[in-house]
Amino acid sequence: MILINLLPHREAARKRRKDLFNVGLGLSALSGGLLAGLIFLWFQAQISSQQDRNQMLQSEIKRFDAQIKDIAGLETEIAALRARQQAVEDLQSDRNLPVHLLTELVRQLPEGVYVNSVRQDGQSVTLQGVSQSNERVSELLRNLGNNSPWFSRPELVEIVAGNVTLAPRDLRRVANFNIKVKLVRAKEAEKAKASSSAPTQPASAPSTPLAQ
C-alpha cells in the first residue's frame with residue numbers, strides 16, 4: 001500500500017526555519033544588547049574613575065595654589081625686609097658723606113676757583129661759584145669726574161660772564177658757574193678706591209737673544 005502525505009510539509013518546514021531564524025535573531029539582539037550594556041557600564045566606570053582623579057587633581061592644584069600664594073607673600077616680606085636692611089646700611093654708611101663732600105671739594109678745586117654755595121639733595125650736589133676763567137671751570141669738571149671716587153657725572157648747568165670789583169679802580173672779568181655732580185655712596189666709593197689702589201703687575205720685558 002502506498003502512503004501519501006497530504007499535509008503541507010513544505011509550509012511547516014518553512015515555518016520551522018522562520019521560527020528558528022527569529023529565535024536566532026532575538027538571541028543575537030539580546031546578546032548585542034547585553035554586550036552594549038556591558039560596554040556602556042565599563043565606559044561609565046572609566047569616566048567616573050577619571051572624574052574622581054580629576055577632582056583629586058583639582059583639590060591638589062588648589063592646595064598648591066594656596067601654598068604658592070603663601071610663598072609669594074613670604075618672598076614679598078623678605079624683599080621688604082632686605083630693602084629696609086639696605087636702607088639702614090646706606091644710612092649708616094652715608095653718615096659721613098657731608099664730611100667727604102667738603103673734604104673732596106677742597107681737594108679738587110683748582111686755583112682761581114671759588115665756591116659760593118653748596119646744596120645737596122640726596123645724591124645730587126649743586127655747586128655755585130666764581131672762576132677767574134672758563135678754563136678753570138673745565139679743570140674743575142675734569143677733577144670732579146676723574147680724580148675723585150666720591151664724585152661722578154659732573155654737569156655744567158650754566159656759566160655766565162661777570163665782573164668783580166676788587167678795588168675802586170680794579171675791575172676784573174670772571175665766570176659765574178653752576179655745576180651739578182652726583183655724590184657717590186660710601187660703599188661704592190670704597191670699592192672704587194680699592195680697585196684704583198690695586199697693584200698692577202708690570203709686563204715682563206721681552207727677552208733678547210745673547211750676542212754670539
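**Surface patches and salt bridges**

Let me begin with the surface, where L35, I39, W42, F43 and I47 form a nonpolar patch that together offers about 510 Å² of accessible area. I should say at once that what we are looking at is a predicted model. Within that patch, F43 sits in helix α1, and F43 counts as partly exposed because its relative accessible area is 44%.

There is also a charged patch on the surface, and here the residues that gather are R10, R14, R16 and R17, which together make a patch of positive charge. Taking R14 as the example, this arginine is found in helix α1, which covers residues 9-93, and R14 is classed as partly exposed because its relative accessibility is 48%.

Let me turn now to the salt bridges, and ask how many of them the structure holds. The count is 3, and I will take them in order along the chain.

One of them joins the side chains of D19 and K15, with a nitrogen-to-oxygen distance of 3.3 Å. Both D19 and K15 belong to helix α1, and they stand 4 residues apart, which is about one turn of the helix. As for how open the two partners are, D19 is partly exposed, since its relative accessible area is 35%, whereas K15, at 52% relative accessibility, counts as exposed; the cut-off that matters for K15 is that exposed means over 50%.

Another salt bridge brings together the side chains of E60 and R63, at 2.5 Å from N to O. What separates these two along helix α1 is about one helical turn, because they are 3 residues apart. Here E60 is partly exposed at 30% relative accessibility, and R63 is likewise partly exposed, with a relative accessible area of 41%.

The remaining salt bridge I want to describe lies in helix α2, which runs over residues 97-108 and contains both E104 and R107, 3 residues apart and so about one turn of the helix from each other. Their side chains meet at 3.0 Å, again taken from N to O. Is E104 buried or exposed? E104 counts as buried, because its relative accessibility is 7% and the cut-off for buried is under 20%. R107, on the other hand, is exposed, since its relative accessibility is 60%. In this salt bridge, then, a buried glutamate, E104, is paired through its side chain with an exposed arginine, R107.

Conventions
Residues are numbered from 1 along each chain as its sequence is written. This is a predicted model: local features need pLDDT of at least 70, side-chain atom pairs count only at pLDDT 80 or more; totals for chains, interfaces and linings use all residues. Side-chain values use heavy atoms; hydrogens and water are left out. Patches are made of residues with over 30% relative accessible area and no salt bridge: like charges are joined within 9 Å, nonpolar side chains (Val, Leu, Ile, Met, Phe, Trp, Tyr) within 5 Å. Accessible areas come from the Shrake-Rupley method with a 1.4 Å probe; for residues, only the protein chains shown count as cover. A salt bridge is a side-chain nitrogen of Lys or Arg within 4 Å of a carboxyl oxygen of Asp or Glu. Lys and Arg count as positive and Asp and Glu as negative; His and the chain ends are not counted. The place of a charge is taken as NZ of Lys, CZ of Arg, CG of Asp or CD of Glu. Buried means under 20% relative accessible area, exposed over 50%, partly exposed in between (1.4 Å probe, protein chains only).
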